[in-house]
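Hi everyone, thanks for making time today. I'd like to walk you through a structure that will be new to most of you, so please have a look at it first.

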Amino acid sequence: MADVVPVRILAAGPVAKSAEATLPRHPNVELVSIPTNDCWIRDYGPSFIKRGGHLEAIDWRYNAWGGKYPPWDEDSRAAEQICDHAGIPRQPSDLCLEGGAIETDGRGRLLTTNCLLTETRNPSWNKQQIAQHLHQMLGINEIAWIDGGGLQGDDTDGHIDQLARFVDQQNVVVSVCQDDNDPNTAGLQTNLRQLEIWGSSTQPKVQVHRLTIPPARFIDGVRVPESYCNFLRLGDNCTLVPVFGCQRTDTQAMDTLRDLLGTEVIGLDCRDLVWGLGALHCASLNQPL
C-alpha cells in the first residue's frame with residue numbers, strides 16, 4: 001500500500017513499540033501516537049470533506065455501534081486527535097454516525113441504511129432530521145435509504161459499506177446471495193431491488209452491479225460477514241479487494257471490480273481479518289490531499 005499512497009498508522013504505547021520493531025522501514029509510512037480501543041478506524045475516524053476548496057473534517061459522535069463494545073473512550077477521542085495531528089479544521093457533530101454507515105458519490109448523493117435510526121445511536125432523531133443534518137455537514141442533497149437488512153454476523157446493524165458502494169457517479173455494486181437456503185438471500189434481494197428502483201429514477205441514472213457473497217463460513221460457531229463491497233481504493237490506480245478463499249466468488253468479484261474501476265485489482269486474503277467482523281474498508285480511512 002505504501003508504494004502507492006502515504007500511510008499513517010495509529011499506534012501508541014506498547015503497540016507502537018511492537019510496530020516499530022516489526023514494520024519494515026518505508027518513507028511513505030508514518031506511525032502516529034494516538035491510542036485506540038480497536039482497529040476499525042473507518043467508523044470512529046473523521047469524515048473528510050472539501051468546503052470552498054479547503055479540507056475540513058466532521059467529528060461524529062461515536063459509541064461503539066450502539067454501545068456494543070465498551071470501552072470506547074479512546075476511539076471516541078481519536079477523530080479530534082487525528083485532526084490536530086493533520087492540522088485539519090474539525091467540525092463536531094451531535095449525530096451518532098460511523099463512517100461505514102454512509103457512502104457518497106462525492107456529488108451530493110448518499111446511500112445509507114436504518115442503522116442510523118437505532119435507539120442505541122440516535123433515539124431522538126428521525127429521517128428528516130438526519131437528512132437535514134447530513135445536508136448541513138456534508139452537502140448531501142439526496143439520500144437512498146436501503147432497508148432490506150445487513151449480513152448475518154454483522155454487528156453494525158447493517159453498515160452500507162458491506163452492502164453497496166459507489167464505483168463512480170453512474171455505477172454502484174451491491175452484495176447479493178445466490179443460495180436460496182442462505183438467510184441473507186431475501187434481505188440482500190430487497191436491497192438490490194431498492195437500489196435498482198432508485199438508480200433508474202435518480203440523475204444521473206445509476207446502474208447496479210451484483211457482487212455475489214461467498215458461501216457461509218463460521219468461526220467459533222459465529223458466521224462472519226464476508227463481503228466484496230468492503231474493497232479499498234488507493235488513488236486512481238489500484239484497488240484492494242478482500243477475498244475469502246472461495247475461488248468462484250473471489251474471481252467473479254475481482255473481475256467485476258476490475259472492469260468497473262479500470263484499475264489494477266489486488267486480492268488480499270481477509271479470512272483472518274473478518275474474524276473481527278470487518279475487512280479492508282472498515283480498517284482504513286482515506287484522507288484527501
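Let's begin with the aromatic residues: ring pairs join Tyr44, Tyr62, Trp65 and Tyr69 into a cluster. Please keep in mind throughout that this is a predicted model.

How many aromatic pairs does a search of the whole structure find? The search turns up five. In one of them, the ring centres of tyrosine 62 and tryptophan 65 lie 5.7 Å apart with the planes at 80°, so we call that pair edge-to-face. Tyrosine 62 and tryptophan 65 are both buried.

Another of these pairs brings together phenylalanine 166 and tryptophan 198. Their ring centres are 6.3 Å apart and their planes stand at 75°, so this pair is edge-to-face. Phenylalanine 166 belongs to strand β9, residues 164–168, while tryptophan 198 belongs to helix α6, residues 184–201, so the pair ties together parts that are 32 residues apart in sequence. Phenylalanine 166 and tryptophan 198 are both buried.

Let's stay with β9 for a moment. Four of its five residues are buried, so to speak of the strand as mostly covered is fair. Strand β9 pairs with strand β10, residues 171–176, in the antiparallel sense, over four bridges, and a hairpin of two residues connects β9 to β10. Which residue of β10 is the bridge partner of phenylalanine 166? That is valine 172.

Also in β9 you will find aspartate 168. With a relative accessibility of 33%, aspartate 168 counts as partly exposed. Aspartate 168 and valine 206 are 38 residues apart in sequence, and their C-alpha atoms are 9.0 Å apart in space. And here is one more ring to look at: arginine 165 lies over the face of phenylalanine 231, at 4.2 Å from the ring centre.

Now to a sheet. Strands β14, β15 and β16 form an open sheet in that order, with mixed pairing. β14, at 232–234, and β16, at 264–269, are the edge strands with a single partner each, so one side of each has no neighbour in the sheet. From one strand to the next, the twist averages 25°. Strand β15, residues 238–243, runs parallel to β16, and six bridges join them. If you want a spot to find on screen, proline 242 of this part of the chain stands opposite leucine 268 in β16.

That takes us to the nonpolar cores. The largest has 24 residues, and Val173, Leu211, Tyr228, Leu240, Val241 and Leu257 are those with the most contacts inside it. At least two residues of this core come from each of β14, β15 and α7, the last of these at 247–261. What does valine 241 touch, not counting residues up to four places away in sequence? Its contacts are Tyr228, Phe231, Met254, Leu257, Val265, Ile266, Gly267, Leu268 and Leu280. There is also a second, separate core of 19 residues, with Ile146, Ile160, Leu195 and Ile213 among them.

My last stop is threonine 112, in strand β7, residues 109–113. Is threonine 112 buried or exposed? Its relative accessibility is 0%, so threonine 112 counts as buried. Leaving aside neighbours within four places in sequence, threonine 112 is in contact with Ala101, Ile102, Ile143, Ala144, Trp145, Ile146 and Ile160.

That's my tour, and I'm happy to take questions.

Definitions and conventions:
Residues numbered from 1 in each chain as written. Predicted model: local features only at pLDDT ≥ 70, side-chain atom pairs only at ≥ 80, totals over all residues. Heavy atoms only, no water. Pairing = 2+ DSSP bridges. Axes fitted to C-alpha atoms, helices over the stretch in contact; angles between N-to-C directions. Phe/Tyr/Trp six-rings, centres within 6.5 Å; stacked < 30°, edge-to-face > 60°. Buried < 20%, exposed > 50% of the residue type's maximum accessible area, 1.4 Å probe, protein only. Lys NZ or Arg CZ within 6 Å of the ring centre and 35° of its normal. Core = buried A, V, L, I, M, F, W, Y, C linked by side-chain atoms within 4.5 Å. Contact = heavy atoms within 4.5 Å.
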